[in-house]
Amino acid sequence: MQKSSTCSFMYGELTDKKTIEKVRQTFDNYESNCFEVLLYKKNRTPVWFYMQIAPIRNEHEKVVLFLCTFKDITLFKQPIEDDSTKGWTKFARLTRALTNSRSVLQQLTPMNKTEVVHKHSRLAEVLQLGSDILPQYKQEAPKTPPHIILHYCAFKTTWDWVILILTFYTAIMVPYNVSFKTKQNNIAWLVLDSVVDVIFLVDIVLNFHTTFVGPGGEVISDPKLIRMNYLKTWFVIDLLSCLPYDIINAFENVDEGISSLFSSLKVVRLLRLGRVARKLDHYLEYGAAVLVLLVCVFGLVAHWLACIWYSIGDYEVIDEVTNTIQIDSWLYQLALSIGTPYRYNTSAGIWEGGPSKDSLYVSSLYFTMTSLTTIGFGNIAPTTDVEKMFSVAMMMVGSLLYATIFGNVTTIFQQMYANTNRYHEMLNNVRDFLKLYQVPKGLSERVMDYIVSTWSMSKGIDTEKVLSICPKDMRADICVHLNRKVFNEHPAFRLASDGCLRALAVEFQTIHCAPGDLIYHAGESVDALCFVVSGSLEVIQDDEVVAILGKGDVFGDIFWKETTLAHACANVRALTYCDLHIIKREALLKVLDFYTAFANSFSRNLTLTCNLRKRGWFIMANAL
């Protein structure tokens, strides 16, 4: 740019000095900000602009340029009195402003509903610009008021995981406390549950100060809109879930019915599972994560059904009308089988005895697990009508749950071992081929060794197939990355432009060689330039080893200086497992013909460790 981005050349006598200083500080501190500033045209006509400044950062977090946007807002400002309008009435000055800003008025007219609305980027949301205006660099996070938290920041993400873990804790303990009617006389559990309630209460406060994504994909940071959105969605459920029910249940004078009601209301907190479970969507692409999640869901459902199963038995074991024991209840049968029968205390007028709560929970969970997994040993069986109805419902739910979960488990394991199965299938096909055509043993062993070593290096991934999916620009970037060792280690490529490197990288091929593989036979045409990335090779001439090649060496021919193909004067054989990056003669010549400046540098700086065109002992040829 020939002039400063601060537009200091457009300042005038009415330009606010404080605004000028703020603009300068914004550029000096690499910040994003917006101002209403009065600037002057060449004819000294004052114009109000809404100036927006945004630093654009690259992938290294360095500011590479500033994006400055100006909007003419003279129409909406108090008419300015200058030398040409002195003595005019306010109506006359406003009329002139309307006339001069007619084009601005057209720009500010709302878009028709039939027009295409582009999704805004984060930076554009802050600057109120369309994403098509912004260059595709790394963009800044939107600025928010000091008391507003971005919903995707590191703190909020960590906090959401804490809430998720506590919600699972609640999902386990709440049904247990409600079904087994356990008053929190244990101080440790009471304190723990109270801390959980406080954390959920803090979560409510944070939700009133956390941004959210609007219907148009924009980040909403307006405190009023955030409060209204939260009040309309999750506030009531969150409030009911964090009330201190455990403290109320801890008091001995609380009526049993009221205590059970408060404990039952705490089940509302389980609705939070639907909210925080969306945090797991990102991990559903991993088979192991899905497997763990499915097992947890199966165990959680079994836990809930076990609590319901015990509640049914506890409700029916004693007939409150006749104050008699129901001998056909599963609780009564369990008490007899483990030697802890129920007995009536005549002095207190209540029934006592029976299994302990721990034994009852384990037995309930055992029954629900055997029912859900369709095993059902029958040692705990429903006898009353209500128990049978619940068992039928549980079997229907269990069949669907079992089929869904363990059907997915089978699919997950098949996907996990898909590459292994493909590998063994390929090996079997190769063995059958070698056996069918009676390939000699030595050659067969080399073939099998090559296949096994290549698979261990590439994991069965077809690089060409992956690259064919990517667009041209992306494919070139990937190829540059794959060949980075060659480009970084050899001085012949140091002066190559980005375009030249991308053109070369697309033409390079990577080959893997096993020990004993011959890369070149004596007498065959040398049609490629080979760069050794790893491993060791030997050059054999007249049955004698004349050179040992290793990492960083180059062998082949200076065919860009010759008009005919060369015949290899020696054998080149791999001593160890080797990785070679090669480029064919036609591809290299095509690039050198187009990038003439690079061709001269390449010819001067490329050193062939072994020139296969010439005979000699350990030939060191410097390409001219």
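The following exercises, each with a worked solution, concern helix packing and salt bridges in a predicted model.

**Exercise 1.** Determine how the axes of helices H19 and H21 are oriented where they meet, and which residues form the contact.

*Solution.* Begin with the axes: those of H19 (residues 472-482) and H21 (residues 498-507) come within 8 Å and cross at roughly 80°. Angles of 65 to 115 degrees count as roughly perpendicular, so H19 is roughly perpendicular to H21. Next, list the contact residues. H19 contributes Asp473, Ala476, Asp477, Cys479 and Val480, while H21 contributes Leu501, Arg502, Ala505 and Val506. Finally, sort these residues by character: six are nonpolar, three are charged and none is polar.

**Exercise 2.** State where the salt-bridge partners arginine 44 and glutamate 13 lie, and classify each as buried, partly exposed or exposed.

*Solution.* The closest N and O atoms of the pair are 3.8 Å apart, and the cut-off for a salt bridge is 4 Å. Arginine 44 belongs to the loop between strand E1 (33-40) and strand E2 (46-57), and glutamate 13 to the segment before helix H1 (17-28). The bridge therefore ties together parts that are 31 residues apart in sequence. As for accessibility, arginine 44 has a relative value of 42% and counts as partly exposed, whereas glutamate 13, at 60%, is exposed.

**Exercise 3.** Explain what separates arginine 24 from aspartate 28 along helix H1, and identify the network to which Arg24 and Asp28 belong.

*Solution.* First, establish the pairing: arginine 24 and aspartate 28 form a salt bridge whose closest N and O atoms are 2.7 Å apart. Second, consider the spacing. Because the two residues are four positions apart in helix H1, about one helical turn separates them. Third, examine exposure: arginine 24 is partly exposed at 39% relative accessible area, and aspartate 28 is partly exposed at 45%. Lastly, Glu21 joins Arg24 and Asp28 in a network of salt bridges.

**Exercise 4.** Locate the salt-bridge partners arginine 446 and aspartate 517, and decide whether each is buried or partly exposed.

*Solution.* The side chains of arginine 446 and aspartate 517 meet at 3.6 Å, N to O. Arginine 446 is in helix H17 (residues 441-458), and aspartate 517 is in the loop between strand E10 (509-513) and strand E11 (518-520). The pair links distant parts of the chain, 71 residues apart. Aspartate 517 has 14% relative accessibility; the limit for buried is under 20%, so aspartate 517 counts as buried. Arginine 446, at 40%, is partly exposed.

**Exercise 5.** State how many salt bridges the model contains.

*Solution.* With a side-chain nitrogen of Lys or Arg required within 4 Å of a carboxyl oxygen of Asp or Glu, the count comes to twelve salt bridges.

Terms used
Residues numbered from 1 in each chain as written. Predicted model: local features only at pLDDT ≥ 70, side-chain atom pairs only at ≥ 80, totals over all residues. Heavy atoms only, no water. Axes fitted to C-alpha atoms, helices over the stretch in contact; angles between N-to-C directions. Parallel < 35°, antiparallel > 145°, perpendicular 65-115°, else oblique. Contact = heavy atoms within 4.5 Å. Nonpolar A, V, L, I, M, F, W, Y, C, P; charged D, E, K, R; others polar. Buried < 20%, exposed > 50% of the residue type's maximum accessible area, 1.4 Å probe, protein only.
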